[in-house]
Amino acid sequence: MIGATKVKDKTQTIEYGRYSYTLKILYEIVLNENHDITTRLATLAHELGHLYCGHLGAPGEKGWWKSRAQLDKTTREFEAESVSWMICKRLGFDSPSSKYLSGYLGENKEIPNISLEAVIFATNTIASRLLSGTLVKREEVLVRSRQIPHKQASLSRGSVQRRLR
């Protein structure tokens, strides 16, 4: 599956010299490696937007952010696309999110009832981690790319295309 998910009972062992660390994975983000680097970065920002906006729940009782998993799909997608758009703009390239956001406003009279606080928190968290070189806190989010067979890749791109409409 391409996207971000909350996972249970998953660990990853990392070898560092003669040391070995086993980390508990709380969330997993899978990107389509068939996409170009800017599309993957925009998608990563979108999926991390879901994570840090609380759309996948909170990590434990006293998480770094509050759970907002109960939101409707439209609100979750608008928030995540807003995060992706802001991250891409900060990095200096155009984001496919702009098409989704402007398309939504073209079809609707108002934006969904989003939380600007959550969007700004997510954007600042991602941006500060990009600048510091620590994209995720404590390695508890596994980010990996997967090559998608051509037949499935078109389905995966379709889910991205739906966001752009």
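The exercises below work through cysteines, a surface patch and one polar contact in a predicted model.

**Exercise 1. Classify cysteine 53 and cysteine 88 as buried or exposed, and state how many disulfides the structure holds.**

Step 1. Take the cut-off: buried means under 20% relative accessible area.
Step 2. Cysteine 53 has a relative accessible area of 1%, so cysteine 53 is buried.
Step 3. Cysteine 88 has a relative accessible area of 0%, so cysteine 88 is buried.
Step 4. Turn to the disulfides. The structure holds zero.

**Exercise 2. Find the residues of the nonpolar surface patch, and say which strands supply at least two residues each.**

Step 1. List the members: Ile14, Tyr16, Tyr19 and Tyr21.
Step 2. Give their accessible area together: about 450 Å².
Step 3. Assign the strands. Strand E1 spans 3–16 and strand E2 spans 19–32. Each supplies at least two residues of the patch.

**Exercise 3. Place tyrosine 21 and glutamate 28 in a strand, then classify each by accessibility.**

Step 1. Tyrosine 21 lies in strand E2. Glutamate 28 lies in strand E2 too.
Step 2. Recall that partly exposed falls between the 20% limit for buried and the 50% limit for exposed.
Step 3. Tyrosine 21 has 43% relative accessibility, so tyrosine 21 counts as partly exposed.
Step 4. Glutamate 28 has a relative accessible area of 7%, so glutamate 28 is buried.

**Exercise 4. Which side chain does a polar contact join to that of glutamate 28?**

Step 1. Start from the side chain of glutamate 28. The partner is the side chain of lysine 10.
Step 2. Read off the distance: the polar contact is 3.0 Å.

Definitions and conventions: Residues are numbered from 1 along each chain as its sequence is written. This is a predicted model: local features need pLDDT of at least 70, side-chain atom pairs count only at pLDDT 80 or more; totals for chains, interfaces and linings use all residues. Side-chain values use heavy atoms; hydrogens and water are left out. A disulfide is a pair of cysteine sulfur atoms within 2.5 Å. Buried means under 20% relative accessible area, exposed over 50%, partly exposed in between (1.4 Å probe, protein chains only). Patches are made of residues with over 30% relative accessible area and no salt bridge: like charges are joined within 9 Å, nonpolar side chains (Val, Leu, Ile, Met, Phe, Trp, Tyr) within 5 Å. Accessible areas come from the Shrake-Rupley method with a 1.4 Å probe; for residues, only the protein chains shown count as cover. A salt bridge is a side-chain nitrogen of Lys or Arg within 4 Å of a carboxyl oxygen of Asp or Glu. Helices (H or I, at least four residues) and strands (E, at least two) are DSSP runs, numbered from the N terminus. A polar contact is a pair of N or O atoms within 3.5 Å; within protein, one must be able to donate a hydrogen and the other to accept it, and residues adjacent in sequence count only if both atoms are side-chain atoms.
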